[in-house]
Amino acid sequence: LSDVRDLVAYNFDKRNYIITVGYGNHRRQKQQKQQRCCVIVALSSRATPIDQAKAYFHALLLDQEMKKDATNAPIAISLDEIIAKAENAALTNLESSWNTFTQSLQKSGWDLSKTDLRSKGYELSIV
């Protein structure tokens, strides 16, 4: 448990959010089962409006990578491998894409520090 706590604390200190992909089976049309993925975002209680916007932007990048990788992946590749590849690609593209995105917003007159994003969920504090 202390390893998990250290990992969470490290990510919160670095970004004020944690992002990952979760998956499981869900029922669809009677007994047909299908694996379904979702991007999970956990915000720190210290997350600023800019941190929140970046977390959701990161989630969108990850979702796009997941869809691309799931479509183009060889049949022999596992879902865990697709997720790992998508997470790495999203993280690699995050900073340059985020900078381009925020510059475009600023040119359009947006101020992310005054954005009030609302979502259902929880904020976490690591003590």
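**Note on a predicted model of a 127-residue protein**

1. Glu 95 is partly exposed, with a relative accessible area of 41%, and this residue makes a convenient entry into the structure, which is a predicted model. The partner of Glu 95 is Lys 54, with which Glu 95 forms a salt bridge whose closest N and O atoms are 2.8 Å apart. Lys 54 belongs to helix H2 (residues 49–72) and Glu 95 to helix H3 (residues 79–107), so this salt bridge ties together parts that lie 41 residues apart in sequence. Lys 54, for its part, has a relative accessibility of 18% and therefore counts as buried, since the cut-off for that word is under 20%.

2. It helps to set this pair within the whole protein. The secondary structure comes to 3 helices and 3 strands, and, read from the N terminus on, the elements follow the order α-β-β-α-α-β. Of the 127 residues, 29% count as buried, while the surface that the protein exposes is about 9300 Å², with carbon and sulfur atoms supplying 52% of it. Among the contacts with a separation of 6 or more, 62% are between residues that stand 24 or more positions apart.

3. How many salt bridges does the count come to? The count comes to 4 salt bridges, and, besides the pair of Lys 54 and Glu 95, two that lie within helix H2 deserve a careful look. In one of these, Asp 63 meets Lys 67, with the closest N and O atoms 3.1 Å apart; the two residues are 4 residues apart in helix H2, which means that about one helical turn separates them. Asp 63 is partly exposed at 28% relative accessibility, whereas Lys 67, at 52%, counts as exposed.

4. The other salt bridge inside helix H2 brings together the side chains of Lys 68 and Glu 65, at 3.3 Å from N to O. These two residues are 3 residues apart, again about one turn of the helix. A student may wish to note how their accessibility is classed: Lys 68 is partly exposed at 43%, while Glu 65, with a relative accessible area of 10%, is buried.

5. The aromatic rings offer another link between helices. The count of aromatic pairs comes to 3. In one of them, the rings of Phe 57 and Phe 101 have centres 4.8 Å apart and planes at 25°, so the pair is described as stacked, the cut-off for stacked planes being under 30 degrees. Phe 57 sits in helix H2 and Phe 101 in helix H3, so that the pair links distant parts of the chain, 44 residues apart. Phe 57 is buried at 15% relative accessible area, but Phe 101 is partly exposed at 33%. Through ring pairs, Phe 57 and Phe 101 are joined with Trp 98 into a cluster.

6. Which residues touch the most other members of the largest nonpolar core? This core has 20 residues, and the ones that touch the most other members are Tyr 17, Leu 62 and Met 66. Two or more residues of the core are given by each of strand S1 (17–28), H2 and H3. As general background, nonpolar side chains in soluble globular proteins tend to be buried together.

7. Leu 112 shows how a loop residue can meet several parts of the chain. Leu 112 lies in the loop between H3 and strand S3 (123–124), and, with a relative accessible area of 12%, this residue is buried. Leaving aside residues up to four places away in sequence, Leu 112 touches Pro 49, Ile 50, Ala 53, Trp 98, Thr 102 and Leu 105. One of these, Ala 53, is 59 residues away from Leu 112 in sequence, yet the two are 7.5 Å apart in space from C-alpha to C-alpha. Trp 98, which is also touched by Leu 112, is a member of the aromatic cluster described above.

8. A last point concerns Ser 44, a residue found in strand S2 (residues 32–44). Is Ser 44 buried or exposed? With a relative accessible area of 1%, Ser 44 is buried, and the side chain of Ser 44 reaches the backbone nitrogen of Arg 46 at 3.0 Å.

Key:
Residues numbered from 1 in each chain as written. Predicted model: local features only at pLDDT ≥ 70, side-chain atom pairs only at ≥ 80, totals over all residues. Heavy atoms only, no water. Buried < 20%, exposed > 50% of the residue type's maximum accessible area, 1.4 Å probe, protein only. Polar contact = N/O pair within 3.5 Å; in protein donor to acceptor, adjacent residues only side chain to side chain. Core = buried A, V, L, I, M, F, W, Y, C linked by side-chain atoms within 4.5 Å. Contact = heavy atoms within 4.5 Å. Areas by Shrake-Rupley, 256 points an atom, 1.4 Å probe, with all protein chains shown as cover. Phe/Tyr/Trp six-rings, centres within 6.5 Å; stacked < 30°, edge-to-face > 60°.
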